[in-house]
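Welcome, and thanks for taking a look at this one with us. Please open the sequence and the structure side by side before reading on.

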Amino acid sequence: MTTDLTPPSSPVLTDALEQLAEAVDLLGLGEGVRRTLAQPRREVTVSIPLRRDDGSVEVLTGHRVQHNLTRGPAKGGVRFSADVTLDEVRALAMWMTWKCALVDVPYGGGKGGVRFDPTQYSRAEVERATRRYTSEIAPLIGPDRDIPAPDLGTDEQVMAWMMDTYSTGAGHTELGVVTGKPLALGGSLGRQTATSRGVTHVALAALASRGIAARGSRAAVQGFGKVGRYTARFLDEAGVRVIAVSDQHGAVVDGAGLDVPALEAHVDATGSVVGFACSEPLQAKDDLLTLPVDLLVPAAVEGVIHADNADRVLARVVVEGANGPTTRQADAILADRGVLVVPDILANAGGVVVSYFEWVQANQAFWWSEAEVEERLATRMSLAWDRTTEVAAKHDVSLRSAATGLAVGAVAEAHRLRGLYP
Ligand code: NAD
C-alpha cells in the first residue's frame with residue numbers, strides 16, 4: 001500500500017491507514033479520496049518548558065493533530081503518556097474523524113498528546129505543563145475550531161486548567177473550548193460515565209446478538225481508569241459477572257465474579273486494583289486477555305491483542321473500550337475464529353456523543369438533566385449499532401469494516417459536496 005506520509009513509525013498508524021485503504025476500496029471511492037483522507041489536515045508539535053518543583057527546567061514535547069475539518073471543528077482527547085508519539089496521535093485523530101461521522105456528530109477528528117507520565121510529577125507540575133501546552137496550541141483550538149477532551153492520563157481538572165488558560169488569553173470565558181469539564185464549570189451531567197455507558201450498551205447488544213444472556217455471563221475488563229472502571233460497574237449492574245480486571249500495576253480475578261463496589265472502594269483507597277482482598281492476583285496482568293470469559297473489554301491502551309496472543313483469546317465477544325487495542329493481524333485471527341469484535345469507533349463513541357452534548361449545552365448556556373443526556377446517548381448508540389450491524393450483514397464484512405466504511409463514506413460525501421478549493 002502506498003501512503004503520502006513518510007512511512008509510519010507507529011504500527012497503530014500503519015493499521016489506521018490500512019483500514020482507510022480497505023474502506024476506500026470497499027466504497028469504490030478512488031485514490032484521490034484515499035490520499036486526501038490519509039493526511040492530517042493540520043498538525044503542530046510544540047516544546048513545553050516545564051519548571052519542576054525543585055527549580056530545574058525540563059522540556060516536554062506535545063502534539064495536536066487535526067485530521068479532518070470537513071464536517072465541523074476537530075474533536076478529540078488529549079493524552080498525557082510517556083509513550084505518546086506524533087504518529088500515534090495522527091492515528092488517533094483519524095479514528096476520531098470516523099467515530100464522529102459514525103455517530104453523526106458535526107465534528108472532524110483531532111487528537112493531542114504530551115509525552116510524559118503525569119503520575120511521576122506533582123499536581124502543580126502537571127498544571128504548569130497543561131497550561132503551557134494549552135497556550136502553545138491556542139492558535140489552533142477554540143469552540144468552533146478544535147475542542148479537546150480528556151483521554152489517557154488526563155481528567156476534568158486538566159480540562160478546567162485548559163479552559164482557564166484559553167479563556168485568560170481570549171479575555172473572556174470560553175466554556176465550549178474543551179469538554180469533559182467539571183460540572184461546576186459547564187460540564188455535562190453524564191459525561192464522566194458516557195464512554196462506559198456506551199461501551200456497556202453495545203456490549204449487551206453484542207452478547208444478545210450471539211445468543212448469550214447477559215445475566216450470569218462472564219466478563220474481563222482491562223484497564224480501571226475512566227473507561228474501564230465504569231464499564232465494570234455498569235456490566236455488574238446489568239448482571240454480568242465481572243471476573244477479572246487489571247490496571248497498569250497488575251490484575252485480579254475471582255471466578256465467581258468480583259464485588260465491583262468493594263473493588264471501587266479499594267481503588268479509591270489505594271490507587272490500584274492490586275491487593276483487593278476478595279480476589280486472587282493474576283501472575284501476569286496480560287493473562288486477563290486469555291481468560292475463559294464470554295466478554296472481553298480492553299479499556300487501557302493500543303495493541304494489546306496482537307498476533308502472538310489472538311489465538312489464545314477465549315472470549316466470544318470483544319468490545320473495544322480503548323482505541324486501537326486489536327492489531328490488524330489479531331483482527332484477522334479473531335475473525336477466522338468467529339470472535340465478534342465491536343470496533344472502537346463504535347464501542348467507545350459514547351464519550352464523544354456526550355462531549356457533543358456538553359458543547360451544545362455550553363454554547364447555549366442551558367443545561368439538560370442527566371436523564372435527558374442518557375436517553376439521547378442511548379438513542380444514538382442504538383442507531384449506530386443498528387446501522388453498523390445492518391451494513392456488516394448486508395455485505396458480509398466485519399463490524400470494523402462496516403463501521404469504517406459508513407464513516408469514510410460520510411466524510412467523503414461531505415468532501416464531495418463542499419468541492420475542492422480552489
Ligand atoms: P485512564 O488514564 O483514565 O485509564 C487508563 C487505565 O488503563 C488505568 O487504569 C491504567 O492503570 C490502565 N493501564 C495502562 N496500561 C495498562 C496495561 N498495560 N495493562 C492494563 N492496564 C493498563 O484512561 P481512559 O480515559 O480510561 O482511556 C482508556 C482508553 O480508552 C484509551 O485508549 C482512550 O483513548 C480510550 N477512550 C477514552 C475515552 C474517554 O472518554 N476517557 C473515550 C474514548 C476512548
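The briefing below goes through two sheets, the helices that lie on them, and the ligand site.

Please keep in mind that this is a predicted model. One open sheet has seven strands, and another open sheet is built from five. A ligand is also present, and the protein buries 86% of the area it exposes when taken alone.

**The seven-stranded sheet**

- Reading across this open sheet, the strands come in the order E9-E8-E7-E6-E10-E11-E12, and their pairing is mixed.
- Its edges are strand E9 (280-281) and strand E12 (340-342), each of which pairs on one side only.
- Helix H7, spanning residues 228-237, packs on this sheet and touches strand E6 (218-222), strand E7 (241-247) and E10.
- The direction of H7 makes about 170° with that of E6.
- Two bridges link strand E10 (residues 295-298) with strand E11 (residues 317-319), and the two pair in the parallel sense.
- If you would like a spot to zoom in on there, Leu296 stands opposite Val318 in E11.

**The five-stranded sheet**

- Here the order is E1-E2-E4-E3-E5, again in an open sheet with mixed pairing.
- Strand E1 (42-51) and strand E5 (146-150) are the edge strands, each pairing on one side only.
- On average, neighbouring strands of this sheet are turned by 20° against each other, with direction ignored.
- Strand E2 (residues 57-66) and strand E4 (residues 108-114) run antiparallel and are joined by five bridges.
- Within that pair, Val65 has Lys111 in E4 as its bridge partner.
- Helix H5 (residues 156-170) lies across strand E3 (74-80) and E5, and runs at about 150° to E5.

**The ligand site**

- Around the ligand there are 22 residues, of which Asp151, Thr195, Val227, Gln248 and Asn323 come nearest.
- By type, this shell divides into six nonpolar, ten polar and six charged residues.
- Val227 places a backbone N or O atom 2.9 Å from an oxygen atom of the ligand.
- A polar backbone atom of Phe224 is 3.0 Å from a ligand oxygen atom.
- For Ala300, the distance between a polar backbone atom and an oxygen atom of the ligand is 3.3 Å.
- How much area does the ligand expose when taken alone? The value is 820 Å², and the protein buries 86% of that.

Conventions. Residues are numbered from 1 along each chain as its sequence is written. This is a predicted model: local features need pLDDT of at least 70, side-chain atom pairs count only at pLDDT 80 or more; totals for chains, interfaces and linings use all residues. Side-chain values use heavy atoms; hydrogens and water are left out. Two strands pair if DSSP finds at least two bridges between them. Helices (H or I, at least four residues) and strands (E, at least two) are DSSP runs, numbered from the N terminus. Contact means heavy atoms within 4.5 Å. Axes are lines fitted to C-alpha atoms, for helices over the stretch in contact, and angles run from 0 to 180 degrees between N-to-C directions. A residue is near a molecule or strand if one of its heavy atoms lies within 4 Å of it. A polar contact is a pair of N or O atoms within 3.5 Å; within protein, one must be able to donate a hydrogen and the other to accept it, and residues adjacent in sequence count only if both atoms are side-chain atoms. Accessible areas come from the Shrake-Rupley method with a 1.4 Å probe; for residues, only the protein chains shown count as cover. Ala, Val, Leu, Ile, Met, Phe, Trp, Tyr, Cys and Pro count as nonpolar, Asp, Glu, Lys and Arg as charged, and the others, Gly among them, as polar.
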